[in-house]
Amino acid sequence: MKVYQNRRTWAWPYLLFMACLVVLPLILIGIYAFTDMQGHFTVQNFLLFFSKSEAVNTFIYSIAIALLTTIICLVIGYPAAYIMAMKSFRTPAVIAMLFILPMWINFLLRTIATVELFHIFNLPLGEGALLFGMAYDFLPFMIYPIYNTLQKMDVSLFEAAQDLGANRIRVFTKVILPLSAPGIYSGIIMVFMPTVSTFAISELLTHNKITLFGSLIQRSFGEGGTTMWNYGAALSLIMLLIIAGTSFFGQGDADVDNQKGGLL
Amino acid sequence: MKTSHSLIDKRGISSRVVAHIYLTCLLVLLYAPILLIIIFSFTKSKVFGNWTGFTFALYENLFAGYDFSAQVRVDPNLYRALIYTGLIAFISAIIATMLGTLAAIGIYNMRQRDRRITMFVNSIPMINPDILTGISLFLLFVFLGISRGLGTVIAAHVVFCTPYVVLSVMPRLTKMNPNIYEAALDLGATPFQALRKVLMPELWPGMISGFILSLTLSIDDFGVTFFTKGSDGLETLSTFIYADARKGGLTPELRPLFSIIFLTILVLLIIMNIRTKKQTKKLIKQ
């Protein structure tokens with residue numbers, strides 16, 4: 001028993017590391033958000049955000065775009081995952097690999113190539129390009145977790161449902177869909193969280209025509225010097241709350257992480 | 001009969017054809033931008049998307065470091081970015097693997113409640129979007145008065161890589177017989193010997209996958225690097241491409257560079273696939 005206790009100490013370097021570089025930085029966001037440049041307590045940063053209709057509109061717009069991207073990925077990704085999980089489909093591993101392979105190319109370069117694709121087909125760069133590009137970037141994050149849950153399902157459940165008189169549509173809506181809910185949850189979280197916080201992709205895809213909340217945050221820490229840092233920290237804190245809320249909605253965090261880990 | 005892919009599928013050939021067409025269309029769409037990069041790596045034009053005839057000129061430029069037609073050097077920052085990307089990925093992956101493996105062993109032996117709390121903190125960098133990880137670390141370095149550069153970027157990369165190492169080593173620990181480490185100690189091994197000779201061989205596969213995962217995450221990162229690199233001209237490939245794109249023109253030699261990277265990884269994956277297939281065939285025969 002004593003030996004066991006000793007080995008606990010092996011985690012101490014990492015605990016110290018996390019305290020300094022994970023927990024403390026997050027607390028700093030909170031501190032900066034509620035202070036002014038002299039370090040006095042204030043809520044001015046938040047008031048500034050809510051008084052600027054432009055900033056609030058960007059915030060709402062970003063969430064809408066992220067939701068829309070997530071829905072597009074779900075609508076396109078679910079059938080793909082379903083097909084890959086079908087019994088008659090002989091090469092699911094190869095196809096799964098093919099969906100992940102593009103992620104090895106730097107995503108900024110891929111995004112620039114998507115912009116070129118729009119140029120070649122003479123399509124305008126705007127909202128459409130933004131949605132297409134983001135769905136394109138994050139689709140594998142939707143397909144993979146859904147495919148994983150579908151693939152693990154027990155075939156006897158469907159047979160039982162059929163034996164009890166359910167037709168194909170009812171088997172899908174009453175058995176397959178509810179059972180694949182964990183995969184859908186993970187997929188939604190894994191697509192929504194990066195899209196709601198993205199900043200570089202949107203700039204490249206729309207040539208700076210559309211500003212998202214992530215870009216707003218980035219600019220407050222940009223070239224403008226230290227004057228906007230506290231405001232930027234307040235925006236970051238709002239973003240942090242959204243992320244915390246979303247991951248809470250996903251319940252099983254460990255599940256999401258496992259999916260993420262298995263993906264790469 | 002395989003039972004793992006187990007959805008009902010008693011439909012006719014027509015729906016199977018539709019299914020295949022759907023997947024093919026999706027993959028074509030997914031690969032179109034990458035194909036575009038590869039195709040346009042074989043033309044000389046400075047502007048991406050402008051075809052001026054087939055040539056290997058960009059490949060020659062890339063390897064020579066010299067643009068023969070324009071009589072100028074290829075942007076030396078590209079090569080520096082390439083080297084820094086590799087260096088940062090390698091160092092942070094090694095640190096993350098060591099730190100994460102030790103942490104996993106420690107966490108595994110913790111009391112239930114401590115373990116839950118630690119694993120929660122461990123999941124924060126994985127859930128946090130890179131912009132928030134980047135900004136929080138940026139504020140920390142500013143707050144502590146640490147000047148940003150190579151060291152801060154590596155520290156930041158270790159932050160978001162280590163949780164994945166912990167998660168890939170943990171399953172190996174749960175599968176392992178917990179008594180063999182004690183047995184080694186009883187037989188007179190020092191804790192360090194027991195770690196090296198008994199624990200390490202058991203944990204090796206988890207450590208390797210954690211290391212590779214860390215490498216990929218680090219190479220692919222943009223957001224965290226962007227906020228922690230400082231303004232001394234330190235660039236990785238990601239931040240280099242971003243700066244390049246914002247200036248207007250993309251360095252044309254990036255096209256052959258990423259074509260080579262993509263094809264290398266494709267070949268590696270195909271080899272790996274064939275090898276695992278052969279191994280499973282062997283296993284089935286046995």
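When two helices pack, the angle between them runs from 0 to 180 degrees and is taken between their N-to-C directions, with each axis being a line fitted to the C-alpha atoms of the stretch in contact. Keep that in mind as we walk through this predicted model.

Let's start in chain A, with helix H12 (residues 213–220) and helix H13 (residues 229–249). These two pack with their axes 8 Å apart, at an angle of about 150°. Angles over 145 degrees count as roughly antiparallel, so H12(A) is roughly antiparallel to H13(A). As for handedness, H12(A) and H13(A) make a left-handed crossing.

Who meets whom here? From H12(A) come Phe213(A), Leu216(A), Ile217(A) and Ser220(A), and on the H13(A) side they find Trp229(A), Tyr231(A), Gly232(A), Leu235(A), Ser236(A) and Met239(A). Sort the residues of this contact by class and you get seven nonpolar, three polar and no charged ones.

Now hop over to chain B, which splits into domain 1 (13–73) and domain 2 (77–259). Measure from centre to centre over C-alpha atoms, and domain 1 of chain B sits 32 Å from domain 2 of chain B. The two do touch: twelve residues of domain 1 of chain B are in contact with ten of domain 2 of chain B.

On the domain 1 side of that contact in chain B, helix H1 (13–39) and helix H2 (57–64) each chip in at least two residues. H2(B) gives the largest share of that side, with four residues. By class, the domain 1 side in chain B has eight nonpolar residues, three polar ones and one charged.

Terms used
Residues numbered from 1 in each chain as written. Chains lettered and ligands numbered in written order. Predicted model: local features only at pLDDT ≥ 70, side-chain atom pairs only at ≥ 80, totals over all residues. Domains from an automatic or database assignment. Contact = placed C-beta atoms within 7 Å. Nonpolar A, V, L, I, M, F, W, Y, C, P; charged D, E, K, R; others polar. Parallel < 35°, antiparallel > 145°, perpendicular 65-115°, else oblique. Left-handed = near helix turned anticlockwise from the far one by under 90°.
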